[in-house]
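Please open the model in your viewer and keep the sequence panel beside it, as this tour moves from one selection to the next.

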Amino acid sequence: MATLIKDIKLPDNVPSNILFEKHIEFLKEYGQDENNYEYGMMDYLRVSGMYWCLTALEFMNASPSHTIEEVAQYIKQCQDPESGGISACIGHDPHILHTTSAVQILCTYNKLDVIDTEGVVKYIKSLQLPDGSFMGDKWGEVDTRFSFCAVVTLSLLKRMDAIDVHKAVDFVASCKNFDGGFGSRPLSESHAGLMFCCVGFLSITNRLDIVDRDTLAWWLCERQLPSGGLNGRPEKLPDVCYSWWVLSSLTMLGRLHWIDGNALKTYILACQDTETGGFADRPGDVADPYHTVFGLAGLSLLGHKALQKVNPTYCMPQHVIDRLQLKPQILL
Ligand code: GRG
Ligand code: ZN
């Protein structure tokens, strides 16, 4: 029996370009009202949310609504003096995801000196287990997302020596599946989000030699649907964030040309909310900063000239990665 392809139909009136002013206003105002119910509901996401908003503004060459000093001081207050880790918001427990987002923001603004960077190194080191994997926090969840966060953070801090890189690579290699893809732990299903984490991890550790390049790139380009959008795994609907997770992985593998870039560009542009600004996962859905940063980053990888160039491994402006003299591996 034939397998039905799940997809969406694009609307007739797809914007022909990026609605810069709308998106800038959307990002500057997002979650600013502390008395709003949604503000409290976003606590657990705050520092990563700041990374999404600030990075999206940076890609559009726009300035944030807060000063860089205010942003840096907020992050400083989220650092736990004991473990050295950084939390989602003041008073929460530290977690590797927010620690990574905080270091990405501070590197972008050249403001690392406001936090205790040795504390961050100590925290990341404390999360590595004997099999080379990383926990997300002291409570013990293990995932290849956390392996990626560990090497993003330590490479930005130039302290890769703090962990056992060989064992970390062995763990990621043990998460490789028969289809060339990667999952969150050994034997877990291949998923494009985790693929980005594992390929990005191998790009930073200079070990892209362990991927089955063409099998993996084939799986990734199979994510493109007739609408032009990409899904994260077979039989799922397209979602604009996979424009980033899939496209960045294909770029690191030197296989960006294996998808139809024009069709994907149209899909991403169709996900813009022409009234509120911002991008949603699919046309007509509610826009949010997460899909906005990854939609813009995808358009940048596709060569949109009005956006800053994005680095495919770090999802940060290329000029920041150049300033830090980082050279993550890319296959040509
Ligand atoms: C951007 C530098 C940078 C770091 C972020 C946290 C992280 C590192 C990456 C997350 C990667 C990701 C999106 C993983 C997805 C995990 C997963 C199994 C999601 C499945 O969620 P569903 O079922 O989504 O809601 P689909 O699209 O499969 O229906
Ligand atoms: Zn999404």
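Begin by selecting Gly180, which sits in the loop that joins α8 and α9; keep in mind throughout that this is a predicted model. Is Gly180 buried or exposed? Neither word quite fits, because 18 other C-beta atoms lie within 10 Å of Gly180, while 20 or more would be needed to call it buried, and the residue is therefore partly exposed. Now add Asp212 to the selection: it is 32 residues away from Gly180 along the chain, yet the C-alpha atoms of the two are separated by 5.7 Å. Leaving aside residues up to four places away in sequence, Gly180 touches Asp212, Thr215, Leu216 and Trp219.

Next, follow the chain to α9, which covers residues 192–204. With 13 residues at 1.5 Å a residue, α9 should span 18 Å, and its end C-alpha atoms are indeed 18 Å apart, which agrees. Of those 13 residues, 12 are buried, so α9 is largely enclosed by the rest of the structure. Among the buried residues you can pick out Leu194, Met195, Phe196, Val199 and Phe201. To see what the buried residues of α9 pack against, show α7, α8 (165–173), α10 (213–221) and α11 (242–252) together with it. Just beyond the helix, select Asn206, which follows α9 and has a positive phi, near 60°.

With α9 still displayed, bring up ligand 1, which is surrounded by 16 residues, the closest being His191, Gly193, Gly232, Lys236 and Cys315. Two elements, α7 (144–156) and α9 (192–204), each give two or more residues to this shell. The largest contribution comes from α9, with 4 residues. If you colour the shell around ligand 1 by class, you will find 9 nonpolar, 3 polar and 4 charged residues.

For the last stop, select helix α3 (residues 46–59) and helix α13 (residues 289–301), which pack at an angle of about 35° with their axes 8 Å apart. Turn the view until one helix lies over the other, and you can follow how α3 passes α13 in a left-handed crossing. Which residues meet here? From α3 come Gly49, Trp52, Cys53, Thr55, Ala56 and Phe59, and they meet Pro289, Tyr290, Thr292, Val293, Leu296, Ala297 and Ser300 of α13. Sorted by class, this contact of α3 with α13 holds 9 nonpolar and 4 polar residues, and no charged ones.

Note on methods:
Residues are numbered from 1 along each chain as its sequence is written. Chains are lettered from A and ligands numbered from 1 in the order in which they are written. This is a predicted model: local features need pLDDT of at least 70, side-chain atom pairs count only at pLDDT 80 or more; totals for chains, interfaces and linings use all residues. A residue is near a molecule or strand if its C-beta atom, placed from the backbone, lies within 6 Å of it. Ala, Val, Leu, Ile, Met, Phe, Trp, Tyr, Cys and Pro count as nonpolar, Asp, Glu, Lys and Arg as charged, and the others, Gly among them, as polar. The expected span of a helix is 1.5 Å times one less than its number of residues. Two residues are in contact if their C-beta atoms, placed from the backbone, lie within 7 Å. Axes are lines fitted to C-alpha atoms, for helices over the stretch in contact, and angles run from 0 to 180 degrees between N-to-C directions. A crossing is left-handed if the near helix is turned anticlockwise from the far one by less than a right angle, and right-handed if clockwise.
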